[in-house]
Amino acid sequence: MPNTASPTKVDLSGHAGPSGHAVGVSNDEFRAALSRLAAGVVLVTAHEEPYDPDDPHAPVGEDVGMTATAFMSVSLDPPLVLVSLRDGSRMDDLLDEQPLWAVSVLSESQRHIAGRFAMKGRISDRLLFDDIPYVHGAASGAPLVRGALATLECRTEQRIPAGDHTLVIGRVLTAEVGSAEGGPLSYFRGKYRQLG
């Protein structure tokens, strides 16, 4: 009788089942395995320009934000970072149209910001930003959250399709370390956490 406590074996030959996963890997197993990887939490932001700046009746532009844990440094020279965006998300659509965006590295005291911008079926971005202190970056025009551990302003260099996401590589235009005390906000096993 096989040992049911042993890890699931994965077919590494590259053969995919009907779901697109390698045979033997389900969505739930994939999520569970990757939830054991602790990640930092950032707020990715951009400013959507008005549809028609010459028409006073056209919809106005607004600030857009999304919580991300799939964010990393790519290169020091030139300074490049990468964020993974779900295909068809508002941020993915916006950054497909315009190249400027920003990242605020959230502190452990900013869990409410992460939760707010990660909600599914959420309210308008204008209301989400309503009581959050921020400034618009000079290089990107995107919101930079006050009290963040660090902020970066970026310009998209490359967009790489990757399954149901797009990997957006951005050149860092500005980088500032905030004055916030305390540690970073992290995400582990499906929950926001603090170090220590």
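The exercises below, each with a worked solution, concern a predicted model of one protein chain.

**Exercise 1. Overall composition**

Determine how many helices and strands the protein chain has, and what share of its residues is buried.

*Solution.* Begin with the secondary structure: the protein chain contains four helices and twelve strands. Next, turn to burial: of the 196 residues in the protein chain, 35% are buried. The exposed surface of the protein chain amounts to about 11,800 Å², and 56% of it comes from carbon and sulfur atoms. Finally, consider the contacts between residues at least 6 apart in sequence: 62% of them join residues at least 24 apart.

**Exercise 2. The seven-stranded sheet**

Establish the strand order of the open sheet of seven strands, and identify which strands stand at the edges.

*Solution.* Strands pair through backbone hydrogen bonds, in either a parallel or an antiparallel sense. In this open sheet the order is S3-S2-S6-S9-S10-S5-S4, and the pairing is antiparallel. The edges follow from this order: strand S3 (63–68) and strand S4 (71–75) each have a single partner strand, so one side of each lacks a neighbour in the sheet. As for the twist, neighbouring strands of this sheet are turned by 35° against each other on average, direction ignored.

**Exercise 3. The partners of strand S2**

Work out how many bridges join S2 to S6 and over how many bridges S2 pairs with S3, and give a bridge partner from each pairing.

*Solution.* Take S6 as the starting point. Strand S2 (residues 42–47) and strand S6 (residues 100–105) run antiparallel and are joined by four bridges. Within this pairing, Thr45 has Ala102 in S6 as its bridge partner. Now take the pairing with S3: S2 and S3 are antiparallel, with six bridges. Here Leu43 has Thr67 in S3 as its bridge partner.

**Exercise 4. Helices against the sheet**

Describe where helices H2 and H3 lie with respect to the strands, with their angles.

*Solution.* Helix H2 (residues 90–97) lies across S2, S3, strand S5 (80–86), S6, strand S9 (150–162) and strand S10 (165–177), and runs at about 45° to S2. Helix H3 (residues 111–118) also packs on the sheet, where it touches S2 and S3, and its direction makes about 105° with that of S3.

**Exercise 5. Burial of strand S3**

Decide whether the two faces of S3 are covered or open, naming the residues on each side.

*Solution.* Count first: six of the six residues of S3 are buried. Then separate the faces: Asp63, Gly65 and Thr67 lie on one side, while Val64, Met66 and Ala68 lie on the other. As these residues are all buried, both faces of S3 are covered.

**Exercise 6. Two glutamates in one loop**

Classify Glu62 and Glu49 as buried or exposed, and describe the surroundings of Glu62.

*Solution.* First, locate the residues: Glu62 lies in the loop between S2 and S3, and Glu49 is found in the loop between S2 and S3 as well. Second, apply the cut-offs, under 20% for buried and over 50% for exposed. Glu62 has 12% relative accessibility and therefore counts as buried, whereas Glu49, at 55%, counts as exposed. Third, examine the contacts. Leaving aside residues up to four places away in sequence, Glu62 touches Ala46, His47, Glu48, Arg90 and Arg126. With one of them, Arg90, the side chain of Glu62 makes a side-chain polar contact at 2.9 Å. Last, for Glu49, the C-alpha to C-alpha separation from Leu94 is 9.8 Å, with their positions 45 residues apart in sequence.

Terms used
Residues numbered from 1 in each chain as written. Predicted model: local features only at pLDDT ≥ 70, side-chain atom pairs only at ≥ 80, totals over all residues. Heavy atoms only, no water. Pairing = 2+ DSSP bridges. Axes fitted to C-alpha atoms, helices over the stretch in contact; angles between N-to-C directions. Contact = heavy atoms within 4.5 Å. Buried < 20%, exposed > 50% of the residue type's maximum accessible area, 1.4 Å probe, protein only. Polar contact = N/O pair within 3.5 Å; in protein donor to acceptor, adjacent residues only side chain to side chain. Areas by Shrake-Rupley, 256 points an atom, 1.4 Å probe, with all protein chains shown as cover.
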